[in-house]
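Student: Hey, I've got this protein open and I'm a bit lost. Please pick one part of it and walk me through that part closely, then show me how it fits with the rest.

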Amino acid sequence: YRPFIIQNTAKGVNISYTLYERQLIELSIYDIRGRLVRRLVNSYQNAGTHSVFWDKRNSSGKAFGNILCIIKYRSGDLSREQRNHQETEKALIRCN
């Protein structure tokens, strides 16, 4: 099971995901050494389908080279029973 769908194209990466309730979402791109390249989402989002496009640039706007990248998706459950529960998923993609 993967909570998100990745479409890697020549122009960028489209990442789609569906939330079943309001959650805190963090969606970030890291290089293979674990260094943050760009944070795409870091906010509460309502239930529904969401989509984020990454143009394969870092947070300074510099184009990212032909390397492997890690997408890290973390969601936090806001329900009272599971307030401290967090899920983290990672995917490896070629950024070229």
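**A close look at one strand**

Tutor: Let's start wide: among the contacts in the protein between residues at least 6 apart in sequence, 56% join residues at least 24 apart. Keep in mind that this is a predicted model. The protein has seven strands and zero helices, so if you read from the N terminus on, the elements simply go β-β-β-β-β-β-β. Of its 96 residues, 40% are buried. The accessible surface comes to about 6200 Å², with 45% of that belonging to carbon and sulfur atoms.

The part I'd zoom in on is strand β3, which covers residues 23-31. Why pick this one? Eight of its nine residues are buried, so β3 is largely enclosed by the rest of the structure.

Now find Leu 27, which sits in strand β3. Is Leu 27 buried or exposed? Its relative accessibility is 0%, and anything under 20% is called buried, so Leu 27 counts as buried. What does Leu 27 touch, if we skip residues up to four places away in sequence? The list is Ile 15, Tyr 17, Arg 39, Leu 40, Val 41, Val 52, Ile 71, Lys 72 and Tyr 73. Pick out Val 41 from that list: Leu 27 and Val 41 are 14 residues apart along the chain, yet their C-alpha atoms are separated by 4.9 Å.

Next, meet the partner strand. β3 pairs with β4 in the antiparallel sense, over eight bridges, and β4 takes in residues 36-45. As a bit of background, strands of a sheet pair through backbone hydrogen bonds, either parallel or antiparallel. For one pair you can find by eye, look at Ile 29, whose bridge partner in β4 is Arg 38. The two strands make a hairpin with four residues between them. In that turn you'll find Gly 34, which has a positive phi of about 90°.

Side chains link these two strands as well. A search of the whole structure finds three salt bridges, and one of them joins Glu 26 to Arg 39, with their closest N and O atoms 3.7 Å apart. Glu 26 belongs to β3 and Arg 39 to β4, and they are 13 residues apart. The two ends differ in how much they are covered: Glu 26 is buried at 12% relative accessible area, while Arg 39 is partly exposed at 39%.

Then there's the salt bridge between Arg 35 and Asp 31, whose closest N and O atoms are 2.7 Å apart. Here Asp 31 is buried, with a relative accessible area of 9%, and Arg 35 is partly exposed, at 47%.

The remaining pair takes us away from β3, but starts from a residue you already know. Arg 38, the bridge partner of Ile 29, also forms a salt bridge with Asp 55, with the closest N and O atoms 2.6 Å apart. Asp 55 lies in the loop between β5 and β6, whereas Arg 38 is in β4, so this pair ties together parts that are 17 residues apart in sequence. Both ends are partly exposed: Asp 55 has 30% relative accessibility, and Arg 38 has a relative accessible area of 25%.

While you're in that loop between β5 and β6, look for Lys 56. Lys 56 has a positive phi of about 60° although it is not a glycine. It is also buried, with a relative accessible area of 7%.

Last stop: back to Ile 15, which was on the contact list of Leu 27. Ile 15 is in β2, where it stands opposite Ile 6. β1 and β2 pair in the antiparallel sense over five bridges, with β2 running over residues 13-19. Together with β5, they form an open, antiparallel sheet of three strands in the order β1-β2-β5. Its edge strands are β1 (4-8) and β5 (48-54), each pairing on one side only. From one strand to the next, the twist averages 15°.

To pull it together, β3 is a strand with eight of nine residues buried. It is paired with β4 over eight bridges, and Glu 26 and Arg 39 add a salt bridge between these two strands.

Methods: Residues are numbered from 1 along each chain as its sequence is written. This is a predicted model: local features need pLDDT of at least 70, side-chain atom pairs count only at pLDDT 80 or more; totals for chains, interfaces and linings use all residues. Side-chain values use heavy atoms; hydrogens and water are left out. Two strands pair if DSSP finds at least two bridges between them. Axes are lines fitted to C-alpha atoms, for helices over the stretch in contact, and angles run from 0 to 180 degrees between N-to-C directions. A salt bridge is a side-chain nitrogen of Lys or Arg within 4 Å of a carboxyl oxygen of Asp or Glu. Buried means under 20% relative accessible area, exposed over 50%, partly exposed in between (1.4 Å probe, protein chains only). Contact means heavy atoms within 4.5 Å. Accessible areas come from the Shrake-Rupley method with a 1.4 Å probe; for residues, only the protein chains shown count as cover.
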